[in-house]
Amino acid sequence: MTTLPSRKALGAGAVGAVALGLGIAVVLGAVPANPVRFDGIEDLPLPGGADLGSHPYTVTAELDDVLSLVPQSAVKVNDVAVGRVTAIELGTGTGTWTARVTLKINGDVRLPADAGARLEQSSLLGEKYIQLVAPRKDGGGRLTDGSVIPLARTNRNTEVEEVFGALSLLLNGGGVNQLKTITRELNAALGGREPEVRSMLNRVNTLVTNLDAHRGDITRALDGLNRLSATLAGRKKDVDTVLTGLSPGLKTLENQRGSLLTMLRALDTLSGVAVSTIDASKKDMVADLKALAPTLKALADAGADLPESLQVLLTYPFTDEVMRGIKGDYLNTYLHLAAAPGTEVIPPLIPRTDPTPTPSPSNPEPDPDPDPEPDPDPEPDPASRGGAGTHRDTQSPRSALPLPPVTTSTPQDGGEKR
């Protein structure tokens with residue numbers, strides 16, 4: 001029976017063959033003076049990897065955690081291998097604990113400039129690889145040789161160890177034992193109250209819907225509250241001064257609390273008396289207001305006449321009409337008398353001489369019955385200026401103005417005879 005060599009023997013043989021080949025190449029001069037660095041078997045390309053093509057480009061991704069990721073791992077887009085990991089280094093900068101992963105991608109693969117990278121695992125116990133994720137909206141541009149995917153656009157999936165650790169915590173020291181108690185209490189609380197619970201859920205749904213519809217108003221209110229808080233913070237000293245000044249006033253109000261209560265009780269009593277008084281006198285008040293209505297209407301109809309009358313009253317006796325009659329240093333007085341309609345005014349009894357007509361050449365004899373034409377504008381008699389005047393009403397006379405009695409007497413004091 002033929003015995004097959006073990007895997008360890010095969011590995012040792014392969015390493016020996018590689019070392020022997022390198023030694024022969026160095027001896028024969030086929031290898032340059034600075035040979036390619038070889039850190040281990042992981043530097044050897046794996047068979048069946050992604051085809052990089054003739055013009056690949058290099059992209060650097062910054063990851064927070066690269067647990068179990070090794071060089072020569074696959075780089076995929078939509079689970080299709082498009083490249084491989086060529087190097088994993090510690091991020092540059094003081095205090096930086098991120099990893100810089102160098103990716104070599106096939107040149108025929110076009111990726112957006114804002115693409116992201118995610119560390120994933122092919123299966124539960126499978127290998128790790130880098131998944132390149134395109135954004136939802138293409139912002140323009142493409143990843144080129146030397147592009148960097150920052151830490152903000154990279155993440156990783158949950159590790160199997162983390163899942164098992166959380167499950168162990170839940171099963172051993174978690175609340176699994178209390179799940180039965182929680183379920184029993186919920187059944188006891190909700191059993192038989194399904195309509196009330198359903199109604200409550202409907203109201204909660206309505207409340208959440210209204211809150212969602214008023215998101216803008218709530219945001220504006222919060223922004224206004226933020227501005228108010230900022231203003232109050234900027235005027236902290238003013239608010240402190242106001243509060244300090246209010247302290248004595250508050251102490252005074254506290255000391256006069258009894259007086260204020262007494263005053264409020266008295267106001268309460270006064271309001272009750274006032275209400276009862278108004279209720280009792282309501283009819284009389286309405287009647288008085290109705291009685292005042294004609295007077296108020298007459299005042300309203302008077303319009304501007306009432307203010308003008310008040311103006312004349314305040315300037316008595318030198319009103320505007322009086323001032324028009326004052327010319328220089330003397331005062332003129334005009335008296336206008338008018339008889340009532342239908343009154344016949346009789347002129348005074350003063351003898352009147354008829355003028356003697358002048359004889360003309362054609363008529364030397366005077367007219368025996370002269371009818372002289374009255375003077376159209378005779379000068380009024382002094383006695384008529386203060387009396388009745390010479391006006392005669394053209395209407396038919398209804399009553400004659402009686403003449404005063406004429407008496408003749410001899411005054412004892414040497415006065416004038418009348």
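Let me begin with a definition: a residue is called buried when its relative accessible area is under 20%, exposed when over 50%, and partly exposed in between, using a 1.4 Å probe and protein chains only. By that rule Arg-215 is exposed, because its relative accessible area is 54%.

The structure before you is a predicted model, in which local features need pLDDT of at least 70 and side-chain atom pairs count only at pLDDT 80 or more, while totals for chains, interfaces and linings use all residues. Residues are numbered from 1 along each chain as its sequence is written, and side-chain values use heavy atoms, with hydrogens and water left out.

I turn to salt bridges, defined as a side-chain nitrogen of Lys or Arg within 4 Å of a carboxyl oxygen of Asp or Glu. The whole structure contains nine of them. Arg-215 pairs with Asp-212 at 3.5 Å, N to O. Another joins Arg-100 to Glu-62, with the closest N and O atoms 3.4 Å apart. Arg-100 belongs to strand β4 and Glu-62 to strand β1, so this pair ties together parts that are 38 residues apart in sequence. Strands (E, at least two residues) and helices (H or I, at least four) are DSSP runs, numbered from the N terminus. There is also a network of salt bridges linking Asp-65, Lys-128, Arg-156, Glu-159 and Glu-162. Within this network, Glu-159 counts as buried because its relative accessibility is 7%.

Glu-62 leads us to Thr-154, in strand β8. What does the side chain of Thr-154 reach at 3.1 Å? The partner is the backbone oxygen of Leu-151. A polar atom of the same side chain of Thr-154 lies 2.6 Å from the backbone oxygen of Glu-62. Thr-154 counts as buried, because its relative accessibility is 11%.

Next, the largest nonpolar core: a set of buried Ala, Val, Leu, Ile, Met, Phe, Trp, Tyr and Cys residues joined through side-chain atoms within 4.5 Å. Of its 23 residues, Leu-103, Ile-105, Leu-111, Ile-130 and Leu-132 touch the most other members. Elements giving two or more residues to this core include β1, β4 and β6.

Finally, two helices. Helix α6 covers residues 236–255, and helix α8 covers residues 282–302. Neither is well covered: the count of buried residues is zero in α6 and zero in α8. A kink of about 30° lies at Ser-247 in α6, shortly before Pro-248. In α8, a kink of about 30° lies at Ala-293, shortly before Pro-294. After α8 comes Gly-303, with a positive phi near 65°.

How values were computed:
Polar contact = N/O pair within 3.5 Å; in protein donor to acceptor, adjacent residues only side chain to side chain. Expected span 1.5 Å × (residues − 1). Bend = angle between axes of the 7 residues up to and from the residue.
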